[in-house]
Amino acid sequence: MNNTYTDLVHQTFNFPQEDFKISDDYLQYNDVDLKALIDKYGTPLKVTYLPKIGQQIGKAKKWFENAFRRHKYEGKYHYCYCTKSSHFSFVVEEALKHDIHLETSYAYDIEIINRLYERRKINKDIFIICNGFKQRAYTSRIAKLINSGFKNVIPILDNKEELEMYKRSVKAPFKLGIRVAAEEEPSFPFYTSRLGIRARDILEFYVDKIEGYEDKFQLKMLHIFLNKGIKDDIYYWSELNKIANLYCQLKKICPELDSINIGGGFPIKHSLAFEYDYQFMINEIVSTIKKACKRAKVPVPNIFTEFGSFTVGESMAHIYSVIGEKTQNDREIWYMIDSSFITTLPDTWGIGEKFLMLPINKWKNEYQRVVLGGITCDSHDYYDSEEHINEVFLPKVNGDKEPLYVGFFHTGAYQDQISGYGGIKHCLIPSPKHIIVGYDKSGKLVDWVYAKEQSAQSMLKILGYY
């Protein structure tokens, strides 16, 4: 009977895959030699592979191009990156190399926009989609951005009162969007999203507050976002049809309206068993919008997306060493890692997210069922199931001289933002060293340290001990 970890993977999945393969008995990630990085920098370790960002953007643009051609769709497609997924400069600037636009969520995002302009990473023609429930600090920055000559800043109204803030502070004619409050999926504890304006109120709001002021502001975009993401089910198609039909109704009385923003929500690979037909879904989205417009006899809208996790998620990995094995009873074997899931991958305990997990080495060893444990004193600091199965299997350690290295892949979205990058962590567990892998000016793949492991002194300074 074949019981090695290699046998387990080959019996369960199609392997190797596009971004994972074995070379000299070690796992490679997008052809990056992970063992070499471990030998050079140690663990725990965060690795960002920058070229993946451009690859993801290119794929989405191609899928929409195919769908537009297939359905003879006459609108334009605009790819936006939502900065809240990862605000880091190296992520945003890498994305901007691929002719994309940006979506913001809070006042300080506008400071990032200003800095990008100062560094000549963007010009004033770029679309800036401003989402979120906005306080004065946010709306005032949006107004300054528009007044400074940014032509395509589109504040997305989250409530009716927000418009009054721009009327008082924006001097030049400006563009507007409206977020349509989506109905939540049946399993959600609320019926309607807290964000956006009720669909049944939008027509009246337009007639009362926007129509007739075209010389000052114009409604250009309807925006929708579903927490569940873009999935092939009745719920998603129902909500998409609602916004398409609302667009058609508004377009007949608002000729300036020319865009639908379907937000984000494309899934990423969290298992070697991952399957998702992106091209099919985009074909259906484009077809649904076009059919609604054809029935209503109105021009089709431009389509905007705001892909965050899809853009950056698959570009990062977290790598740990197994520093101890503990047999606590007849059924549970614990592998203790040299960091914490709570502090480095907060989605694993916060929302039960499953990431793609694979060992870096020891693929020829026999495997066993284990539970991975972090080193905080919190009982929730563990990882015990994968997306495709309610268990975790990893190679046996066997007392080998080289420790077992475990990688969690496609972790690039939200984890640093949620855990509080550079701040105080649970049990004062430090943020790991962060390594960037990308191409230099000569086209050579190189790696460099973006951030060292968080020091005790930096934490004590925050806590007031220095």
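Begin by selecting K167 and Y213: the charged end of K167 sits over the ring of Y213, 5.3 Å from its centre. The model on display is predicted. A second arrangement of this kind can be displayed by selecting K354 and Y383, where K354 lies over the face of Y383 at 5.4 Å from the ring centre.

**Aromatic pairs**

Next, turn to the aromatic side chains. The structure holds 37 aromatic pairs. Select Y79 and F307, whose ring centres are 5.7 Å apart; their planes stand at 70°, over the 60 degrees required, so the pair is edge-to-face. The two residues come from distant parts of the chain, 228 residues apart. Y79 belongs to strand β5 (residues 77-82), while F307 is in the loop between β12 (302-306) and α11 (309-312). Both partners may be coloured by accessibility: Y79 is buried, with a relative accessible area of 2%, and F307 is likewise buried, at 1%.

Now move to F174 and F217. The centres of these rings are 5.5 Å apart and the planes are at 40°, so this pair is tilted. F174 lies in strand β9 (residues 174-179) and F217 in strand β10 (residues 217-223), so the contact ties together parts that are 43 residues apart in sequence. F174 is buried at 6% relative accessible area, and F217 counts as buried at 2%.

Return to Y79 and F307 and extend the selection to W63, F266, F274, Y276, Y278 and F310; together with the starting two, these residues form one aromatic cluster.

**A nonpolar surface patch**

Switch to a surface representation and select I424, L428, I462, L463, Y465 and Y466. These residues make a nonpolar surface patch of about 660 Å². Within the selection, L428 is found in the loop between α14 (415-419) and β20 (433-439). Its relative accessible area is 40%, so L428 is classed as partly exposed.

**Cysteines**

Finally, display the cysteine sulfur atoms. A search of the whole structure finds zero disulfides. Select C82 first: this residue is in no disulfide, and the nearest cysteine sulfur, that of C80, is 9.3 Å away. C82 is buried, at 3% relative accessibility.

Then select C427 and C377. Which cysteine holds the sulfur closest to that of C427, and why is there no bond? The closest sulfur is in C377, at 3.4 Å; a disulfide requires the sulfur atoms to be within 2.5 Å, so the separation is too far for a bond. C427 is partly exposed, with a relative accessible area of 37%.

Notes:
Residues are numbered from 1 along each chain as its sequence is written. This is a predicted model: local features need pLDDT of at least 70, side-chain atom pairs count only at pLDDT 80 or more; totals for chains, interfaces and linings use all residues. Side-chain values use heavy atoms; hydrogens and water are left out. Rings of Phe, Tyr and Trp (its six-membered ring) pair if their centres lie within 6.5 Å; planes under 30 degrees apart count as stacked, over 60 as edge-to-face and the rest as tilted. Helices (H or I, at least four residues) and strands (E, at least two) are DSSP runs, numbered from the N terminus. Buried means under 20% relative accessible area, exposed over 50%, partly exposed in between (1.4 Å probe, protein chains only). A charge sits over a ring if NZ of Lys or CZ of Arg is within 6 Å of the ring centre and within 35 degrees of the ring normal. Patches are made of residues with over 30% relative accessible area and no salt bridge: like charges are joined within 9 Å, nonpolar side chains (Val, Leu, Ile, Met, Phe, Trp, Tyr) within 5 Å. Accessible areas come from the Shrake-Rupley method with a 1.4 Å probe; for residues, only the protein chains shown count as cover. A salt bridge is a side-chain nitrogen of Lys or Arg within 4 Å of a carboxyl oxygen of Asp or Glu.
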